[in-house]
Amino acid sequence: MKIYITFILIPFLTLSQIDTIYFTSANPFSFKDIITDLKSQEKQEVYGILQFPNELLNEKIPLIIAFSGSEGWAEHHYEYLKMYRELGIATFEVYSFKSRGVLSTVGTQIDVTTAMMVLDSYKSFEALSHHPNINSKKIGITGWSLGGGVTFFSAWNLLKNAINSDVNFAAHLALYPPCIVTPENLNFSNAPIHILIGELDNWTPAKACVDLLKLINKENINLTIYPEAHHSFDRNTKPIIKENGYILKDCRFKMKDNGAVLMNFLNIPMTSPFLQKIGLAGCAKRGPTYGGNQIIKTKAMNFAKEFMRKNLLN
């Protein structure tokens, strides 16, 4: 079923369990484009898949908006979403890549950017907050890798104020996000925010997240580091090397209040694909390890279940 963002109240008994929702977003390359020039950005139609629990009571229910990593949606992502629906929470998987005609951003990170996906998160919230079966005060967000970065920075208040200050995510659960960008302005949401990441992750290193959270220093923002776990520790495949992926353990960037991310040499703003490539070339290597650890996957899914139960259902 294809549904646009104008909703009509319908009886619960006739509600489709799976709907395709379209909404209007845009294509900002960087956070600077959002903060300083959002109205001028090229418009973009984006879609996602909205799924409800099998059994619906006659009441509005919570929602989790979800974002995949750079390779797009995979089996382990869907396992989390199924788990959330079994809790009684609706899920909305956003197809930021396919909506823009892209399959993967591994090794480039320029065709679909974190800024585009953060904007998608706000625009999907705006659309679905009007759905008659969604409790707009109980909308959480989660994501993996690149989507984890989206989840984390959707809580940065400078972006929120630039997009829509009325959007309030009730919970942010970021799985192995890149924490390599440190904002000068450390004003983040007061909503519960948690990062799950592997000790052995050399794609998006855990130490960067430790350092960033120490600087932010807020009680609502927390971190779990899993030992003996690589990037994508919740995949169903054994760890392998991703030849064209980035190893980011030596990369750290500062971000100005206007959203411009600076190279770690000469402080040049990386506000275009070309400048971003130069900035990453100065610190990133190729060939990170990624893959599953089933013991850690179980722990992470259990944590995710209880985190969303506590913050969206209680």
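How many nonpolar, polar and charged residues does the lining of the largest cavity have, by class? Let us work towards that cavity step by step, keeping in mind that this is a predicted model.

A good place to begin is strand 4, which spans residues 61–67. Seven of its seven residues are buried, so strand 4 is largely enclosed by the rest of the structure. Its neighbours can be picked out from the pairing. With strand 6, residues 134–144, strand 4 pairs in the parallel sense over six bridges; here isoleucine 61 stands opposite isoleucine 134. Strand 4 also pairs with strand 5, residues 90–94, again in the parallel sense, over four bridges. If you look for a landmark in that pairing, take alanine 66, whose bridge partner in strand 5 is glutamate 93. Between these two strands comes helix 2, residues 75–87, and strand 4, helix 2 and strand 5 together make a right-handed β-α-β unit.

Now move along to helix 5, residues 146–153. This helix is mostly covered, with eight of its eight residues buried. The buried residues are Leu146, Gly147, Gly148, Gly149, Val150, Thr151, Phe152 and Phe153. Keep helix 5 in view, for we will meet it again at the cavity.

Next come the disulfides, of which the structure holds two. In one of them, cysteine 179 and cysteine 209 have their sulfur atoms 2.1 Å apart. The torsion about their S-S bond is about 80 degrees, so this disulfide is right-handed. The pair links distant parts of the chain, 30 residues apart: cysteine 179 sits in the loop between strand 7 (171–175) and strand 8 (181–183), while cysteine 209 belongs to helix 7, residues 206–216. Both cysteine 179 and cysteine 209 are buried.

The other disulfide joins cysteine 251 to cysteine 283, with the sulfur atoms 2.0 Å apart. This link is right-handed too, with 100 degrees about the S-S bond. It also connects distant parts of the chain, 32 residues apart, and here both ends lie in loops: cysteine 251 between strand 12 (246–247) and strand 13 (253–255), cysteine 283 between helix 8 (273–281) and strand 15 (285–286). Cysteine 251 and cysteine 283 are both buried. Counting bonded cysteines along the chain, the disulfides follow the pattern 1-2, 3-4.

That brings us to the empty spaces. The structure holds two cavities of 30 Å³ or more. The largest contains about 620 Å³ of space. Its lining is made by 28 residues, and those nearest its centre are Thr114, Pro178, Ile180, Val181 and Gln276. Helix 4 (114–128), helix 5 and helix 8 each supply at least two residues of this lining, and helix 5 gives the most, with three. We can now return to the opening question: the lining of the largest cavity has 17 nonpolar, 11 polar and no charged residues.

The second largest cavity holds about 130 Å³ of space. Of the 16 residues that line it, Gly69, Ser70, Glu71, Ser232 and Arg235 are the closest to its centre. By class, the lining of this second largest cavity has six nonpolar, eight polar and two charged residues, whereas the lining of the largest cavity has no charged residues.

Technical notes:
Residues are numbered from 1 along each chain as its sequence is written. This is a predicted model: local features need pLDDT of at least 70, side-chain atom pairs count only at pLDDT 80 or more; totals for chains, interfaces and linings use all residues. Side-chain values use heavy atoms; hydrogens and water are left out. Buried means under 20% relative accessible area, exposed over 50%, partly exposed in between (1.4 Å probe, protein chains only). Two strands pair if DSSP finds at least two bridges between them. A crossover is right-handed if, with the strands pointing away from the viewer, the path from the first strand over the helix to the second runs clockwise. A disulfide is a pair of cysteine sulfur atoms within 2.5 Å. On a 1 Å grid over the protein atoms alone, a cavity is a set of points where a 1.4 Å probe fits but cannot get out, and a pocket is an open set with protein on both sides within 12 Å along at least five of seven lines; lining residues have an atom within 4 Å of a point. Grid points are joined across faces, edges and corners, and a volume is the space filled by probe spheres set on the points. Ala, Val, Leu, Ile, Met, Phe, Trp, Tyr, Cys and Pro count as nonpolar, Asp, Glu, Lys and Arg as charged, and the others, Gly among them, as polar.
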